[in-house]
Amino acid sequence: MNTISDYKSIIADYIESIEIDKKPDELYQPIRYILSLGGKQIRPVLTLFAAEIFGAAHQKAIYAATAIELFHNFSLIHDDIMDEAPLRRGKETVHHRWDTNTGILSGDAMLILAYQYFENYEPFIFRELAKLFSKTALQVCEGQQLDINFETRNDVSIDEYIQMIDYKTAVLVGAALEMGAIVAEASSKNRQDIYDFGRYLGIAFQLQDDYLDAFGDTETFGKQVGGDILENKKTFLYLKAMKKGNNDEQKELTEWFSTTANNGEEKIKQVKLIFENTKATEDIQTEIRKYTDKAIDILDKLAISDNYKKELRDFSLELMNRTV
């Protein structure tokens with residue numbers, strides 16, 4: 001039995017070995033660049049592990065895992081453009097290093113390259129992978145649009161926010177696991193269960209990401225800390241603080257989130273103070289535990305060996321407590 005740590009090395013080595021030497025170089029160099037930054041590569045690791053769980057050799061799932069990682073990186077390039085983010089994995093974002101047009105086009109090319117990896121499978125598996133991939137890609141776009149919509153709305157609810165991060169982030173984690181199950185030709189029930197496990201885990205993952213965006217360390221987190229605050233994103237922390245804060249705190253938050261003033265450091269500092277004083281920071285930790293527990297509940301019912309359950313359970317708890 002391989003461990004999740006083993007698969008981190010396997011997928012990292014495989015991604016590094018990909019030779020994208022097509023022309024024009026201006027289109028493919030940014031793709032090579034963002035792939036060279038590595039990242040956590042959680043999704044492709046889960047694809048490989050899910051294939052093994054359901055009885056397939058991980059080598060058979062390497063193409064689906066690569067497709068997931070290419071899609072994820074495509075979405076990051078475009079997200080960074082929309083967010084005007086300067087950093088990704090501690091390095092310059094693609095549109096900062098080159099320009100916006102290059103970022104858009106190279107991102108589009110990555111999406112197409114991702115689909116091409118499914119061509120390595122026999123027709124039935126190809127069809128099932130492509131159906132899931134297309135559905136998931138549309139949901140990710142819907143989640144991104146909801147995220148954009150929330151920036152100009154003052155009536156976003158917690159439930160709406162959870163739906164947004166479900167679509168924007170969690171469905172891709174669920175799909176990564178189900179793709180491994182598809183490659184292994186697992187039963188429909190096992191496919192659905194492993195997908196649901198990943199989806200709950202993905203929500204917990206994104207909530208932890210939201211927390212780290214405000215309270216993480218740039219050196220370990222790899223992104224600009226306070227970026228969501230500067231962009232006036234109505235994250236779980238903001239929504240909880242607005243709901244629980246007193247009139248003065250609500251007024252101050254509203255004022256900070258209606259400006260793009262240059263005093264960014266002061267804005268981040270004062271908003272974080274409100275998050276802490278209203279105990280929104282404690283609420284988000286409770287929410288992270290809730291969705292992690294939901295994932296583990298599904299895991300406990302899965303008809304897989306205890307060794308696999310333990311590995312996924314430990315992985316889930318590691319994600320919940322991560323600092324990167």
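Contact here means heavy atoms within 4.5 Å.

**Figure 1. The whole chain of this predicted model, before we zoom in.** Among contacts in the protein chain between residues at least 6 apart in sequence, 75% join residues at least 24 apart. The protein chain is built with 16 helices and 2 strands. A compact globule of 324 residues would have a radius of gyration near 20 Å, and the value for the protein chain is 20 Å, so the two agree. Along the principal axes, the C-alpha atoms fill a box of roughly 60 × 50 × 30 Å. Of the 324 residues, 57% count as buried. The chain exposes about 14,700 Å², and carbon and sulfur atoms supply 47% of that area. For anyone thinking about electrostatics, there are 38 positive and 54 negative side chains, with the centres of the two sets 3 Å apart.

**Figure 2. Helix α12 and its packing partners.** This view follows residues 236-244, which make up helix α12. Phe-236, Leu-237, Tyr-238, Leu-239, Lys-240 and Ala-241 are buried there; note that a lysine, Lys-240, is on that list. Which helices do the buried residues of α12 pack against? They meet α8 (158-183), α9 (188-215), α13 (247-256), α14 (264-277) and α15 (280-301).

**Figure 3. Aromatic pairs, with Tyr-63 and Tyr-121 in the frame.** The structure holds 12 aromatic pairs. In one of them, Tyr-63 and Tyr-121 sit edge-to-face, at 6.0 Å centre to centre and with 75° between the planes. Tyr-63 belongs to helix α4 (residues 58-83) and Tyr-121 to the loop between α6 (100-116) and α7 (123-150), so this pair ties together parts that are 58 residues apart in sequence. Are the two tyrosines buried or exposed? Tyr-63 is partly exposed, with a relative accessible area of 27%, whereas Tyr-121 is buried at 7%.

**Figure 4. A tilted pair formed by Tyr-238 and Phe-257.** The ring centres of Tyr-238 and Phe-257 are 4.4 Å apart and the planes meet at 40°, so the pair counts as tilted. Because Tyr-238 lies in helix α12 and Phe-257 in the loop between α13 and α14, the pair ties together parts that are 19 residues apart in sequence. Both Tyr-238 and Phe-257 are buried.

**Figure 5. A cluster of aromatic rings.** Here, ring pairs link Phe-71, Phe-74, Tyr-115, Phe-118 and Phe-133 into a cluster.

**Figure 6. Two buried polar side chains, Asn-73 and Ser-106.** Asn-73 is part of helix α4 and has a relative accessible area of 0%, so it is buried. Which residues does Asn-73 contact, leaving aside its neighbours within four places in sequence? The answer is Ile-34, Leu-35, Arg-89 and Met-110. Ser-106, in helix α6, is buried as well, with a relative accessible area of 1%. With neighbours within four places in sequence again left aside, Ser-106 is in contact with Glu-26, Leu-27, Pro-30 and Ile-31.

**Figure 7. The surroundings of Trp-98.** Trp-98 is found in the loop between α5 (94-97) and α6. With a relative accessible area of 26%, Trp-98 is partly exposed. Not counting residues up to four places away in sequence, Trp-98 touches Gln-29, Pro-30 and Tyr-33. For a sense of scale, the C-alpha atoms of Trp-98 and Asp-159 are separated by 38 Å, while these residues are 61 apart along the chain.

**Figure 8. Lys-301 in helix α15.** Lys-301 is exposed, with a relative accessible area of 72%. From Lys-301 to Leu-212 is 31 Å in space, C-alpha to C-alpha, and 89 residues in sequence.

**Figure 9. Backbone details to check in your own viewer: Pro-24, Glu-84 and Glu-185.** The peptide bond from Lys-23 to Pro-24 is cis, with omega near 5°, and Pro-24 lies in the loop between α1 (4-17) and α2 (25-36). Glu-84 is not a glycine, yet its phi is positive, at about 55°. Glu-84 sits in the loop between α4 and β1 (87-88) and counts as exposed at 66% relative accessibility. Glu-185 also has a positive phi, near 55°. Its place is the loop between α8 and α9, and at 51% relative accessibility Glu-185 counts as exposed.

Technical notes:
Residues numbered from 1 in each chain as written. Predicted model: local features only at pLDDT ≥ 70, side-chain atom pairs only at ≥ 80, totals over all residues. Heavy atoms only, no water. Helix = DSSP H or I, 4+ residues; strand = E, 2+ residues; numbered from the N terminus. Rg over C-alpha atoms; globule rule 2.2 N^0.38 Å. Buried < 20%, exposed > 50% of the residue type's maximum accessible area, 1.4 Å probe, protein only. Areas by Shrake-Rupley, 256 points an atom, 1.4 Å probe, with all protein chains shown as cover. Lys, Arg positive; Asp, Glu negative; His and termini not counted. Charge placed at Lys NZ, Arg CZ, Asp CG, Glu CD. Phe/Tyr/Trp six-rings, centres within 6.5 Å; stacked < 30°, edge-to-face > 60°.
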